[in-house]
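These are my comments on the charged side chains and their pairings, set out as numbered points. Please read them alongside the sequence and coordinates.

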Amino acid sequence: MKVAITLLVVVCVLTSSIDAKKKNKKNKRGQVQAQILNGEEENSADSCAKVCSGTTGRRVTDYQNYSDGKNVYVDVDMTGCGFAKIPNVVISVEGSSSHWVALGTSSVYNTTPTSFRVYLKNDNSGVARGNLNSESYKWNIDWIAVGFTC
């Protein structure tokens, strides 16, 4: 439920950032065109704007041990989005239990056009790294990226 609300809020924010003058402007495919107001790099043409989303997947997320041996990080691949420049990325941690006490659940690191990293401080959640993908927890990263493909 939290992910659905988070994604709804993100979609509302993205929708509200569409320039009012271009709100009904459509591209060659008949899709409503969005405008990205700013990002990590110089903007490209509005026709190159793209929204792409994904998940690391329940029970299959590839958690790596952080150097302290207690916490974890996840490298997220978004190569399939085809971004040419660094996109704006919003994330949420979804799961069945205890992810609400983890820290770093909306922090994105080292974003490139093809990937980003998420660090999770999970030692305060009481969930061991080996259990994050278990049926009881099913932690995963849901994400939305907005960027330019040209």
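1. Glutamate 135 is partly exposed in this predicted model, its relative accessible area being 46%. This glutamate pairs with arginine 59 in a salt bridge whose closest N and O atoms are 3.0 Å apart. Because glutamate 135 sits in the loop between β5 (115-120) and β6 (140-148), while arginine 59 belongs to the loop between β1 and β2, the contact ties together parts that are 76 residues apart in sequence. Arginine 59 likewise counts as partly exposed, at 46% relative accessibility.

2. The pairing of arginine 59 and glutamate 135 should be described together with a further residue, Lys138. Arg59, Glu135 and Lys138 are linked in a network of salt bridges.

3. The loop between β1 and β2 (64-65) also holds arginine 58. The side chain of arginine 58 meets that of glutamate 94 in a salt bridge, with an N to O distance of 2.6 Å. Glutamate 94 lies in strand β4 (residues 88-94), so this pair ties together parts that are 36 residues apart in sequence.

4. Are the two partners of that bridge buried or exposed, in whole or in part? Arginine 58 is partly exposed, with a relative accessible area of 48%. Glutamate 94, at 12% relative accessibility, counts as buried because the cut-off for that class is under 20%.

5. A further salt bridge joins arginine 117 and aspartate 75, where the closest N and O atoms are 2.6 Å apart. Here both residues lie in strands: arginine 117 in β5 and aspartate 75 in β3 (residues 72-77), so the pair ties together parts that are 42 residues apart in sequence. Aspartate 75 counts as partly exposed, with a relative accessibility of 45%.

6. How many salt bridges does the model contain? The count comes to four. Among them are the pairs arginine 58 with glutamate 94, glutamate 135 with arginine 59, and arginine 117 with aspartate 75.

7. A separate remark concerns strand β1 (residues 49-55), in which alanine 49 is found. Alanine 49 counts as partly exposed, at 25% relative accessibility. The C-alpha atoms of alanine 49 and phenylalanine 83 are separated by 9.1 Å, and the two residues are 34 residues apart along the chain.

Definitions and conventions:
Residues numbered from 1 in each chain as written. Predicted model: local features only at pLDDT ≥ 70, side-chain atom pairs only at ≥ 80, totals over all residues. Heavy atoms only, no water. Helix = DSSP H or I, 4+ residues; strand = E, 2+ residues; numbered from the N terminus. Buried < 20%, exposed > 50% of the residue type's maximum accessible area, 1.4 Å probe, protein only.
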